[in-house]
Amino acid sequence: MNISEETFIANLGIHVRQLREKKGMSQQDLGDDCGITQNQVGRIERAEINTTIKTLVKIANALDIEPKELFDLPLK
């Protein structure tokens, strides 16, 4: 199965938002824990930017999950 980069990034953003909300965190909380801005968190969740692996590792750490869990998402 092939998936476009845009679709993958969009699904990743949705998944990050779902995980963040499940932890009861705001975008500001996640950004503060990652050392990035609330604006950047929002842009990742809305798939407006293609973020780095380094930032994804920071997000995973802030969410207290393994980085690979960020990629365990349904592909639509």
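In this predicted model, helix α2 (residues 27-34) packs against helix α3 (residues 38-45) at an angle of about 110°, and their axes sit 8 Å apart. That angle puts α2 roughly perpendicular to α3, because anything from 65 to 115 degrees falls into that class. On the α2 side, the contact is built from Q27, Q28, L30 and G31; α3 answers with Q38, V41, G42 and E45. Sorted by class, the contact of α2 with α3 comes out as two nonpolar, five polar and one charged residues.

Moving along the chain, T51 turns up in the loop between α3 and α4. Is T51 buried or exposed? Its relative accessibility is 16%, so T51 counts as buried, the cut-off for that label being under 20%. Leaving aside residues up to four places away in sequence, T51 touches Q40, I44 and L56. Of these partners, Q40 and I44 fall within the residue range of α3 (38-45), while L56 falls within that of α4 (53-62).

Next comes I53, which belongs to helix α4 (residues 53-62). Here the picture is one of exposure: I53 has a relative accessible area of 57%, and it is therefore classed as exposed, since that label applies over 50%. As for where I53 lies relative to a residue further along, its C-alpha atom is separated from that of P67 by 9.3 Å, with the two residues 14 apart along the chain. Put side by side, T51 in the loop is buried, whereas I53 in α4 is exposed.

How values were computed. Residues numbered from 1 in each chain as written. Predicted model: local features only at pLDDT ≥ 70, side-chain atom pairs only at ≥ 80, totals over all residues. Heavy atoms only, no water. Helix = DSSP H or I, 4+ residues; strand = E, 2+ residues; numbered from the N terminus. Buried < 20%, exposed > 50% of the residue type's maximum accessible area, 1.4 Å probe, protein only. Axes fitted to C-alpha atoms, helices over the stretch in contact; angles between N-to-C directions. Parallel < 35°, antiparallel > 145°, perpendicular 65-115°, else oblique. Contact = heavy atoms within 4.5 Å. Nonpolar A, V, L, I, M, F, W, Y, C, P; charged D, E, K, R; others polar.
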